[in-house]
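I opened the file to look up a few things about the fold, the packing and the empty space. My notes follow in the order in which I looked.

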Amino acid sequence: MKILIFPVFSARLTGDHVVKNIRGKKDMGFGDLKAKAGQQALNAYLADKSYIEGYQASQADAVVFAGLTGAPSKDLVNALRWYNQINSYNNQERTSFPGTKKDINSYGSAAPAASNGDADEDDFDLFGSDDEEEVEKEKQKRLQQYAEKKAKKPALIAKSSIVLDVKPWDDETDMVAMEKLVRTVETDGLLWGKGKLVPVGYGIKKLQIGCVVEDDKVGTDFLEEAITAFEDYVQSVDIAAFNKI
């Protein structure tokens, strides 16, 4: 007697459509970042993020950056903004980013779910039941749950990524002390990032420091006024880069 074995398919309800896939198989990461599709996935992922993980540059950014062969096209504004930010660091600085390197496929919105339990909860085997009415009820239930979760999602907060050039009076200015003073500027909606010293000329270096601000709470005028108040150290403050997140 011959026994025929058929693969078991599952359907996952995602909003307005049903995506069929073989049970257990998942897409990972951004895909091929050398291809347009991979860069488009990266661009969509960065639509509400400054960095791949967290609120400062990390090894996650270094790994994904290394997966690109060059700058994304101008139409991929989010990916290009992120690329320019990471590209402003040299190789040695990117190597010193905090965090632990992981496989590039572990980053991105399409990365595997953190818990098998969550995946099991979302899977529903449409071919495991002969009752089409029951299947349709389950489908409508999942669609309703999806709509409720989407409705509860908090409103997107407008943020900007800013890079400031803080210039001292002369080459005798204590730049370490100056950076510490700059970081004492604290307010709701302001998060300081990484700082570095950049040569200007004649032995003088400027402090280049990044930050992320909530647009409704913190403006560039506030930052300039607060930093130039350290007049014993700071000669001027310029906006080196400003990007909407």
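Before reading off strand partners I fixed the term: I count two strands as paired if DSSP finds at least two bridges between them. The model is predicted, and I read every entry below with that in mind.

**Entry 1. Strand β3 and its partners**

I started at β3, residues 159–168. On one side of the lookup was β5, residues 204–214, which is joined to β3 by 8 bridges and runs antiparallel to it. I noted one facing pair there: lysine 159 stands opposite glutamate 214 of β5. I then looked up β6, residues 234–244, which pairs with β3 over 9 bridges, again in the antiparallel sense. For valine 166, the bridge partner in β6 is valine 237. I also checked cover: 8 of the 10 residues of β3 are buried, so I wrote the strand down as mostly covered.

**Entry 2. The chain as a whole**

I counted elements next and got 8 helices and 6 strands in the protein chain. From the N terminus the order reads β-β-α-α-α-α-α-α-β-α-β-β-α-β. The chain has 245 residues, of which 34% count as buried. I also took the contacts with a separation of 6 or more, and 68% of them are between residues 24 or more positions apart.

**Entry 3. Helix α1**

Which residues of α1 are buried? In this helix, residues 36–45, I listed Gly38, Gln39, Leu42, Asn43 and Tyr45. They lie on the same side of α1 because they cover an arc of only 165° around the axis. The general rule is that an α-helix has 3.6 residues a turn, so residues three or four places apart point the same way. On the face turned away from the buried side I found the exposed residues Ala37 and Ala44. The cover over the buried residues of α1 includes α2 (59–66) and α3 (77–87).

I looked at glutamine 39 separately, as a residue of α1. Its relative accessible area is 11%, under the 20% cut-off, so I entered glutamine 39 as buried. Leaving out neighbours within four places in sequence, I found glutamine 39 in contact with Asp32, Leu33, Lys34, Leu68, Pro72, Ser73, Leu76 and Ala79.

I then went back to the loop between β2 (17–22) and α1, where glycine 29 sits. Glycine 29 is buried as well, at a relative accessible area of 8%. I computed the distance from its C-alpha atom to that of leucine 42, 13 residues apart along the chain, as 9.1 Å.

**Entry 4. Empty space**

I turned to the second largest pocket, with about 280 Å³ of space. Its lining has 16 residues, and Asp48, Lys49, Ser50, Tyr55 and Lys159 lie nearest the centre. I sorted the lining of this pocket into 10 nonpolar, 2 polar and 4 charged residues. Lysine 159 is thus on two of my lists, once as a residue near the centre of this pocket and once as the residue opposite glutamate 214.

How many cavities of 30 Å³ or more are there? I counted 1. The largest cavity holds about 40 Å³ of space. Its lining consists of Ser50, Tyr51, Arg81, Gln85, Ser161 and Asn243. By type, the lining of the largest cavity comes to 1 nonpolar, 4 polar and 1 charged residue. Ser50 is in this lining and is also one of the residues nearest the centre of the second largest pocket.

Conventions. Residues are numbered from 1 along each chain as its sequence is written. This is a predicted model: local features need pLDDT of at least 70, side-chain atom pairs count only at pLDDT 80 or more; totals for chains, interfaces and linings use all residues. Side-chain values use heavy atoms; hydrogens and water are left out. Buried means under 20% relative accessible area, exposed over 50%, partly exposed in between (1.4 Å probe, protein chains only). Helices (H or I, at least four residues) and strands (E, at least two) are DSSP runs, numbered from the N terminus. The arc is that of the directions from the helix axis to the C-beta atoms. Contact means heavy atoms within 4.5 Å. On a 1 Å grid over the protein atoms alone, a cavity is a set of points where a 1.4 Å probe fits but cannot get out, and a pocket is an open set with protein on both sides within 12 Å along at least five of seven lines; lining residues have an atom within 4 Å of a point. Grid points are joined across faces, edges and corners, and a volume is the space filled by probe spheres set on the points. Ala, Val, Leu, Ile, Met, Phe, Trp, Tyr, Cys and Pro count as nonpolar, Asp, Glu, Lys and Arg as charged, and the others, Gly among them, as polar.
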